[in-house]
Amino acid sequence: MEQKKYSQITAMFALAKASFRSTTRSPSAVVFTLVFPLIFIVVFGFIGGGGFKIGVAIPSDIDKTSPIFKGLEKGNAVNFLENEKAEDIEAGLEKGSIDAWLNIQNTNPIGRPHYVITLKTSKASADKTRILQMILNTIVDKMNLASMPPVEHPMAEIKQTEISGRKYSMIDFILPGQLGFAILSTGVFGTAFVFFGLRQTLVLKRFFATPVKRGYIILGEGLSRMVFALLGALFIIVVGYFAFNFTLIHGIITALNMLVLSAIGLVVFMGFGFIISGIARNDNTIPPLANIVTMPQFLLSGTFFSIKAFPVWLQHIANVLPLTYLNDALRKVAFEGATLGNVSTQILILLAWGVGIYIVAAKTFKWE
């Protein structure tokens with residue numbers, strides 16, 4: 001009787017199934033993939049539309065010597081966005097990623113100054129613009145009172161226009177960032193601990209006694225990690241959508257595009273995990289090495305704050321990190337309705353990171 005040919009695919013799925021069961025029983029995997037992101041989502045979901053800074057775009061010729069501008073700077077509530085293109089400002093106002101556009105000009109440079117404050121706001125950031133209006137009104141009222149006795153024209157006046165826009169809530173910013181963080185944590189910590197443990201417990205060595213090829217071992221473990229991460233991502237998206245009105249501009253299509261981006265991000269971040277599992281000397285060195293990879297990205301890649309709120313030199317660092325591009329792509333797809341083609345730049349940069357990471361992983365990864 002002819003012997004049935006050994007199936008590498010069947011073996012791969014068997015390994016993936018066993019690894020998936022192991023992952024679901026791991027407290028650290030559940031905490032990093034679901035619990036931490038959900039805690040932040042719940043907190044910021046109840047905060048709602050609040051924010052940390054008011055993003056105000058300004059033209060290059062704004063009068064920075066005026067008491068109005070200096071008052072806004074001193075108040076430290078406004079994050080001035082310079083060198084923004086006109087079309088980007090208009091689009092940002094409509095979708096709420098930019099809260100207002102401001103210009104200040106002295107129309108009477110000789111003699112008693114007369115400042116005209118031109119303010120363009122959007123209904124998309126109504127909560128923040130109300131705060132900005134209050135700050136400006138306070139500054140203007142103080143200036144006009146200080147210029148008493150009354151004259152024909154006040155020392156400063158505000159000319160405001162408002163455009164319509166879709167409300168941009170804090171949850172629309174926070175949830176993609178937390179999703180990116182969950183993917184990063186799963187890819188780095190999960191992969192590093194799993195493969196180091198398999199090597200230390202000689203499980204990988206036992207695999208070599210079976211007909212399963214090494215590539216299929218990697219694929220099996222990777223598949224289990226992928227399924228677990230995407231289920232976690234879907235859960236986060238669903239909770240955000242139904243509990244906190246997270247924006248999915250095209251519904252299910254948008255959610256599917258976010259899952260595709262999450263899968264790409266996970267593949268890239270798993271490369272970091274392979275490198276760490278290869279260079280770690282014992283399991284105590286894995287957390288510090290993993291934190292070196294994850295913490296800078298967690299803090300600088302727009303997880304909680306827009307990177308535009310950082311100093312310029314720090315923005316340059318943030319714009320190098322792969323998580324920055326994953327978070328940016330997720331937000332564009334979810335709120336702006338971008339397709340995967342529209343975020344091809346972010347995807348290509350992620351893939352470029354992946355190529356570099358896996359070249360290093362191939363040189364550092366150890367089977368025994």
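This is a guided tour of one predicted model, with a suggestion at each stop of what to select and a note of what is there.

Before selecting anything, keep in mind that residues are numbered from 1 along each chain as its sequence is written, and that side-chain values use heavy atoms, with hydrogens and water left out. Because the model is predicted, local features need pLDDT of at least 70 and side-chain atom pairs count only at pLDDT 80 or more, while totals for chains, interfaces and linings use all residues.

**The whole chain**

Start with the full chain in a cartoon view, where 13 helices and 5 strands can be followed; helices (H or I, at least four residues) and strands (E, at least two) are DSSP runs, numbered from the N terminus. Of the 368 residues in the chain, 48% are buried, where buried means under 20% relative accessible area, exposed over 50%, and partly exposed in between (1.4 Å probe, protein chains only). Switching to a surface view shows an exposed area of about 18500 Å², with carbon and sulfur atoms supplying 64% of it; such areas come from the Shrake-Rupley method with a 1.4 Å probe, and for residues only the protein chains shown count as cover. Among the contacts in the chain with a separation of 6 or more, 77% are between residues 24 or more positions apart, a contact being heavy atoms within 4.5 Å.

**Helices α9 and α12**

Next select residues 252-279, which form helix α9, together with residues 322-336, which form helix α12; their axes come within 9 Å and cross at roughly 175°. The axes are lines fitted to C-alpha atoms, for helices over the stretch in contact, and angles run from 0 to 180 degrees between N-to-C directions. The two helices, α9 and α12, are therefore roughly antiparallel to each other, on a scale where angles under 35 degrees count as roughly parallel, over 145 as roughly antiparallel, 65 to 115 as roughly perpendicular and the rest as oblique.

To display the side chains at this contact, show Thr254, Asn257, Met258, Leu261, Ser262, Gly265, Phe269 and Phe272 in α9, which meet Pro322, Leu323, Leu326, Ala329, Leu330, Val333 and Ala334 in α12. The residues of this contact divide into 11 nonpolar, 4 polar and no charged; here Ala, Val, Leu, Ile, Met, Phe, Trp, Tyr, Cys and Pro count as nonpolar, Asp, Glu, Lys and Arg as charged, and the others, Gly among them, as polar.

While helix α9 is still on screen, pick Gly271, which is found in this helix and is buried, with a relative accessible area of 0%. Leaving aside neighbours within four places in sequence, Gly271 is in contact with Ile357, Tyr358 and Ala361. A distance label drawn from C-alpha to C-alpha between Gly271 and Ile357 should read 5.6 Å, although these two residues are 86 residues apart in sequence.

**The salt bridges**

The structure holds 2 salt bridges, each defined as a side-chain nitrogen of Lys or Arg within 4 Å of a carboxyl oxygen of Asp or Glu. For one of them, select Lys64 and Glu82, whose side chains meet at 3.0 Å, N to O. This pair links distant parts of the chain, with Lys64 in the loop between β1 (54-57) and α3 (67-75) and Glu82 in the loop between β2 (78-81) and α4 (86-95), 18 residues apart. Lys64 is partly exposed at 37% relative accessibility, and Glu82 is also partly exposed, at 42%. Apart from residues up to four places away in sequence, Lys64 touches Ile58, Phe69, Lys70 and Glu82.

Then select Lys120 and Glu90, which form a salt bridge with the closest N and O atoms 3.5 Å apart. Lys120 lies in strand β4 (residues 115-122) and Glu90 in helix α4, so the pair ties together parts that are 30 residues apart in sequence. Lys120 is partly exposed at 24%, as is Glu90 at 31%.

**Strand β2 and two loop residues**

Move to Val78 in strand β2, which counts as buried at 9% relative accessibility. Not counting residues up to four places away in sequence, Val78 touches Lys53, Ile54, Val56, Leu72 and Leu132.

Finish with two asparagines. Asn83 lies in the loop between β2 and α4 and is exposed at 77% relative accessibility, and its phi is near 60°, a positive value in a residue other than glycine. Most residues other than glycine have a negative phi. Asn245, in the loop between α8 (214-244) and α9, also has a phi near 60° and counts as exposed at 62%.
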